[in-house]
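Here are a few notes from going through this one, in no special order. Have the viewer open while you read.

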Amino acid sequence: ESSNAEISVFEVNIRFVGGLLSAYYLSGEEVFRKKAVELGEKLLPAFNTPTGIPWALLNIKSGIGRNWPWASGGSSILAEFGTLHLEFVHLSHLSGNPVFAEKVMNIRKVLNRLDKPEGLYPNYLNPSSGQWGQHHVSIGGLGDSFYEYLLKAWLMSDKTDEEGKKMYYDAVQAIETHLIRKSSGGLTYIAEWKGGLLEHKMGHLTCFAGGMFALGADGAPNDKTGHHIELGAEIARTCHESYDRTSMKLGPEAFRFDGGVEAIATRQNEKYYILRPEVIETYMYMWRLTHDPKYRQWGWEAVEALEKHCRVDGGYSGIRDVYNNHESHDDVQQSFFLSETLKYLYLLFSEDDLLPFEHWVFNTEAHPLPVLHKDNGNKEENQK
């Protein structure tokens with residue numbers, strides 16, 4: 001209560017609440033459960049808006065929320081308010097207090113009653129009016145983990161959350177129709193949609209979607225399982241190409257498919273690599289779900305590049321230009337390098353029974369959360 005700082009509701013949820021929940025489920029230590037719930041309670045004032053769509057930023061001391069000043073017309077961001085679901089369901093499960101789950105189920109209710117342009121979810125939603133902001137759609141930053149959490153909510157519910165399932169597969173159908181394209185060189189990519197116009201650019205963040213499509217393949221409707229696996233494999237291949245076409249064999253922040261260019265960054269401010277995990281995350285899912293050895297090979301290429309170009313005296317650093325022959329380090333080791341990049345690499349080279357998908361889902365920061373098995377409502381259920 002004492003701190004007057006403004007926090008990001010989304011970042012605190014995925015990193016701190018998610019981390020505390022995982023620490024509890026992996027260790028059984030009561031202090032982690034208690035702190036996760038306490039922290040969750042401190043986030044609740046963010047939902048005090050006319051629609052219940054939470055603010056992006058919250059002053060923990062005053063309980064006053066606001067949105068990012070740059071976001072379209074005072075909007076909240078899809079990937080931020082859409083990436084609370086897994087953690088808040090677990091908070092209700094562990095505290096016995098239904099308020100957490102109610103807050104995130106209400107977000108779904110608001111989204112379901114809104115018209116979606118072409119079945120797509122814009123990245124911006126105004127928490128006061130309950131209307132969409134600009135019609136920008138992205139599976140990369142600002143949109144990404146909303147889709148991931150629809151699928152994982154269904155999986156984490158032991159496949160009982162039918163609403164999450166339907167929302168996910170309907171969204172994937174719209175994404176396939178409107179955003180997924182194939183370059184003249186045969187690379188499948190996911191473009192960005194701006195009010196009906198496509199920008200033929202794919203961000204590193206979007207590369208997570210290969211793993212998502214593969215993870216969701218098993219539950220896909222009308223015999224589309226093979227198709228979803230293939231889609232995952234194609235995205236993995238494109239993202240591997242974005243790495244392979246650089247000097248350092250590490251991928252840029254964003255790469256383009258226009259003007260004869262394929263899977264290459266054309267702008268200086270998109271040539272950096274900040275130790276991001278999404279490509280390796282997709283390799284890990286593809287390996288677990290297909291056991292094609294190329295995914296371990298591609299993962300090892302990334303390990304060698306990280307060791308060669310990113311290792312520094314104090315740890316690992318991001319790189320300012322992956323197309324350059326000599327390193328210019330940014331001198332930052334992001335926290336997701338430890339929670340995600342290295343964890344997904346470790347899992348890629350481990351057996352499938354380490355944190356098996358039948359029993360665990362990873363939150364968007366790679367903190368493992370147990371599947372809430374329906375045969376057992378007891379909170380100590382699956383200490384596997």
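How many disulfides does a search of the whole structure find? The answer is one. Keep in mind that this is a predicted model.

1. The disulfide in question joins Cys207 to Cys239, with an S to S distance of 2.0 Å. Cys207 sits in the loop between β11 (201-203) and α8 (208-215), while Cys239 belongs to helix α9, so the bond ties together parts that are 32 residues apart in sequence. As for geometry, the S-S torsion comes out at about -90 degrees, so you're looking at a left-handed disulfide. Cys207 and Cys239 are both buried.

2. Why is Cys310 not bonded to Cys207? The closest cysteine sulfur to that of Cys310 is the one in Cys207, and at 16 Å it is too far for a bond. Cys310 is buried too, at a relative accessible area of 0%.

3. Helix α9 (residues 225-244) also carries His228. His228 is buried, its relative accessible area being 3%. Leaving aside residues up to four places away in sequence, the contacts of His228 include Tyr169, Glu176 and Phe213. Ala214, Gly216, Ala217 and Ala220 are also among them.

4. Now for a sheet: three strands, ordered β6-β9-β10, make an open one with antiparallel pairing. β6 (136-137) and β10 (197-199) are the edge strands with a single partner strand each, so one side of each has no neighbour in the sheet. Two bridges link β6 to β9 (residues 192-194), and His136 stands opposite Lys194 of β9.

Methods:
Residues numbered from 1 in each chain as written. Predicted model: local features only at pLDDT ≥ 70, side-chain atom pairs only at ≥ 80, totals over all residues. Heavy atoms only, no water. Pairing = 2+ DSSP bridges. Helix = DSSP H or I, 4+ residues; strand = E, 2+ residues; numbered from the N terminus. Buried < 20%, exposed > 50% of the residue type's maximum accessible area, 1.4 Å probe, protein only. Contact = heavy atoms within 4.5 Å. Disulfide = S-S within 2.5 Å.
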